[in-house]
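Please walk through this chain from its overall make-up to its sheets, a central helix run and the ligand shell. Terms are given their cut-offs where they come up.

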Amino acid sequence: MVSARIDDIPINWLEEILNLSVERIVVTDRDGIILYINEAYCEFLGTTVEQAMRRPVQEVIENTRMHIVSRTGQAEIAAVQHINGSEMVANRFPLIVSGELVGAVGTVIFKNPEELHLYKRKIQSLVEELKYYKTREEKELTSKYSFSDLIGTSRHFVEAKELAERISVNHSAVLLLGESGTGKELFAHSIHANSLRSAYPFVPINCASIPEHLLESELFGYEDGAFTGAKKGGKKGHFQLANKGTIFLDEIGDMPLAMQSKLLRVLQDKEIQPVGGQKSLPVDVRIITATHRNLEKMVEAGEFRQDLYYRLNVIKIEIPPLRYRKDDIEQIAMNLVRKLEKRFHKKSVELSREVIRLFQQHSWPGNIRELENVLERCINVLDGSVIKPNHLPLYLRDQDAAPNDAATNPAGTKVLPLKEIIAEAEKQAIQSALSAAGGNRQQAAKLLDIGKTSFYEKCRIYSIN
Ligand SMILES: Nc1ncnc2c1ncn2[C@@H]1O[C@H](COP(=O)(O)OP(=O)(O)OP(=O)(O)O)[C@@H](O)[C@H]1O
């Protein structure tokens, strides 16, 4: 076996290897005294290796922080350093040998100012693009739906819609409850659009999709230099963006307890404190929250603050699942078909009676979102202009013609449709995998031997968080 050892490599080779792998390099001891510097660096600085060696690094390199890194042991990556009239990008690493901090290694990237300018130009155009999308996003902070977009005439749905319309004009907090895909976000948009705040922003935020450590700065913003990687000049939080308008906190049941306390304080004091800031800023925001979880049970289990629950639950609106709105299915489906027609450049698409019957039989665990996905699939595979059972996904096509509600067999035991049994089994398998994986979704997907995307999709359909 051939063993490769670094001390088999001649020392002059090592130096050449260093020169080839990094353009400019400097090494200091713990006191910031230069122990090594290569010729390329010296040439750029207008000095020689002989003149630079053994001198304090700050006397040789303009604006260096190598002497600081060699003392603190804190790496500084991609720091912009002004040297010889050029902005260079420097990396400074502490040199730790056998667990002891012995000095620091610094490198400067970009061969010459021209190369830097090339990168600068590229980055500049990306920054411009980013600015454009940011302004566009701010402009887009308006409600996109109104009550006329909420289709349905079934009794419980109409009651929910009428209540939402009635309370939209005042400023009270609204709590929207309903399974995933029932239209909670659509309700929130409509309430804002019908309120006196409609000229001001509508800011939706999904509490479950933001990592816990970022939630506070996303909601309340941060001050300049609040943490490593923080944007220069700070950043406005969603509460500030929503000032005078409405903030929609979706999946509020997923908000960590520590954040719940902070949110409660904001609702009580009507002011926010950006991360890293000393001052409080007044905000005037109407709050709409939504969840598919049972918040009352979460309060009992100590997972949701009771005082916050009372603050949010001033007006509770419960949106019924699609399986309890069988009479609305045809109208909603046709409305979705009309929207999809435009997207897919089709005309006068219809649903066959058989398809409507199958739709009314299905239990729609993913509610209107699932119906939307099914119809999009149908339009994609459609040959003529009528959607028939053969265009449906298999799980809908193969439904038993028996009514969806649990049937009773002669022995008197309840028999559920196979798809419901399968759905229930899937849901339970996902929940056990999640608990076996300690809540880690990636690991849970691995345990089930399914892809991450499919796992997330199933969690969404079965409202598992
Ligand atoms: N009454 C309705 N009429 C027509 N389309 C609807 C209706 N309710 C919901 N939709 C459509 O169904 C989809 C899901 O709605 P929405 O995102 O509001 O549900 P949600 O309850 O907020 O879901 P989640 O809890 O998963 O965030 C959206 O595309 C929406 O346009």
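Two strands are said to pair if DSSP finds at least two bridges between them. Strands (E, at least two residues) and helices (H or I, at least four) are DSSP runs, numbered from the N terminus. The model is a predicted one: local features need pLDDT of at least 70, side-chain atom pairs count only at pLDDT 80 or more, and totals for chains, interfaces and linings use all residues. Residue numbers start from 1 along each chain as its sequence is written.

By this assignment, the chain holds 20 helices and 16 strands. Of its 465 residues, 28% are buried; a residue is buried if 20 or more other C-beta atoms lie within 10 Å of its own, exposed if 12 or fewer, and partly exposed in between, with C-beta atoms placed from the backbone. Two residues are in contact if their C-beta atoms, placed from the backbone, lie within 7 Å. Among contacts in the chain with a separation of 6 or more, 63% are between residues 24 or more positions apart.

One open sheet has 5 strands in the order β2-β1-β5-β4-β3, with antiparallel pairing. Its edge strands are β2 (34-37) and β3 (76-83), each of which pairs on one side only. On average, neighbouring strands of this sheet are turned by 25 degrees against each other, direction ignored. Such angles are taken between axes, which are lines fitted to C-alpha atoms (for helices over the stretch in contact), and run from 0 to 180 degrees between N-to-C directions. Strand β1 (residues 24-29) is joined to β2 by 3 bridges, and the two run antiparallel. Tyr36 in β2 is the bridge partner of Val27.

Strand β5 (residues 100-109) of this sheet contains Val102. Is Val102 buried, exposed or partly exposed? Because Val102 has 15 C-beta neighbours inside 10 Å, it counts as partly exposed. Leaving out residues up to four places away in sequence, Val102 touches Asp29, Arg30, Leu95 and Val97. Arg30 is 72 residues from Val102 along the chain, yet their C-alpha atoms are separated by 5.4 Å.

A second group of 5 strands forms an open sheet in the order β7-β8-β11-β6-β12, and here the pairing is parallel. β7 (202-206) and β12 (315-318) stand at the edges with a single partner strand each, so one side of each has no neighbour in the sheet. The average turn between neighbouring strands in this sheet is 20 degrees, direction ignored. β7 and strand β8 (residues 246-250) run parallel and are joined by 5 bridges. Val203 stands opposite Ile247 in β8.

Several of these strands also help to cover helix α8. Of the 10 residues of α8, 9 are buried, so the helix is largely enclosed by the rest of the structure. The buried residues of α8 include Lys184, Leu186 and Phe187. Their cover includes α7 (155-168), β6 (174-177), β7, β8, β11 (286-291) and β12.

The ligand is surrounded by 18 residues, the closest being Ile151, Gly183, Lys184, Glu185 and Ile368. The elements giving two or more residues to this shell are α8 (184-193), α14 (326-344) and α16 (367-381). A residue is near a molecule if its C-beta atom, placed from the backbone, lies within 6 Å of it. The ligand lies between domain 2 (147-318) and domain 3 (324-397), because both give residues to the shell; the domain bounds come from an automatic or database domain assignment.
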